[in-house]
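Biologist: Could you take me on a close look at one part of this protein? I am new to structures, so please go step by step.

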Amino acid sequence: MALLLRYPNCASSLQNVRRGTRYSMAAVQHHISQQRRSTCCSATPLKQQRCEPCEEAKREAGYMGLHPMVMDMQTAEKYREQVDPRWQIVEDSEKRLRLRRVMRTKNFTKALELFQRVGQVAEAEGHHPDLHLEGWNNVSIELWTHARNGLSENDFIVAAKFDDIDLADLLSKKQPEV
């Protein structure tokens with residue numbers, strides 16, 4: 001049995017199935033095992049990359065009896081080195097990894113404006129975070145790839161793009177400690 005794959009710059013596998021070159025299932029399994037041990041190998045900075053759709057890959061992987069690639073902690077930590085250090089890798093109650101950043105805004109309306117700015121970037125990338133407002137000015141942004149049930153390179157691409165948003169006029173001088 002052969003599978004059509006396009007191998008991107010290392011971090012995501014089984015994306016855009018039906019494009020690229022034919023590989024045997026053994027080659028696919030080998031690539032996935034190598035990928036789990038690899039570092040981030042793209043020379044292109046994350047903020048210059050684009051998110052790639054995951055839904056088709058999820059359907060095709062399930063059809064082939066495989067599980068879509070989910071990033072492990074070691075790989076996630078290597079990606080985290082490429083984004084603002086205030087992004088933290090956390091586990092949810094189901095032990096899925098998420099990328100989380102906590103901020104404090106000047107007031108409630110500034111928090112809503114922060115969500116608007118983040119939302120514009122997320123919409124442009126087609127990769128949407130979970131946005132939380134607790135109290136009147138405590139904001140958290142959580143990124144994870146729902147289609148993969150964990151972290152993917154897309155989460156770090158979007159985090160890097162969020163890092164470029166000018167938020168100085170919205171944030172309180174006193175920020176939560178990381």
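Modeller: Happily; what follows is a walk through one sheet, the helices beside it and one residue in a loop. Keep in mind that this is a predicted model. Let's begin with the sheet: 4 strands form it, in the order β3-β4-β6-β5, and the sheet is open, with antiparallel pairing. At its edges lie β3 and β5 (130–134), each of which pairs on one side only. On average, neighbouring strands here are turned by 30 degrees against each other, direction ignored.

Now follow β5 to its partner. It pairs with β6 (residues 138–143) in the antiparallel sense, over 5 bridges. You can find one position to look at in His-132, which stands opposite Ser-140 in β6.

Next come the helices. Helix α3 (residues 73–80) packs on the sheet and touches β3 and β4, its direction making about 155 degrees with that of β3. Helix α4 (residues 108–125) also packs on the sheet, touching β4, β5 and β6, and its direction makes about 175 degrees with that of β5.

Finally, let's zoom in on Arg-96, in the loop between β3 (88–91) and β4 (97–104). Is Arg-96 buried or exposed? Its relative accessible area is 16%, so Arg-96 counts as buried, the cut-off being under 20%. Who are its contacts? Leaving aside neighbours within four places in sequence, Arg-96 is in contact with Val-90, Glu-91, Trp-144 and Asn-149. With Asn-149 there is a further detail: a polar contact of 3.0 Å joins the side chains of Arg-96 and Asn-149.

Conventions
Residues numbered from 1 in each chain as written. Predicted model: local features only at pLDDT ≥ 70, side-chain atom pairs only at ≥ 80, totals over all residues. Heavy atoms only, no water. Helix = DSSP H or I, 4+ residues; strand = E, 2+ residues; numbered from the N terminus. Buried < 20%, exposed > 50% of the residue type's maximum accessible area, 1.4 Å probe, protein only. Polar contact = N/O pair within 3.5 Å; in protein donor to acceptor, adjacent residues only side chain to side chain. Contact = heavy atoms within 4.5 Å. Pairing = 2+ DSSP bridges. Axes fitted to C-alpha atoms, helices over the stretch in contact; angles between N-to-C directions.
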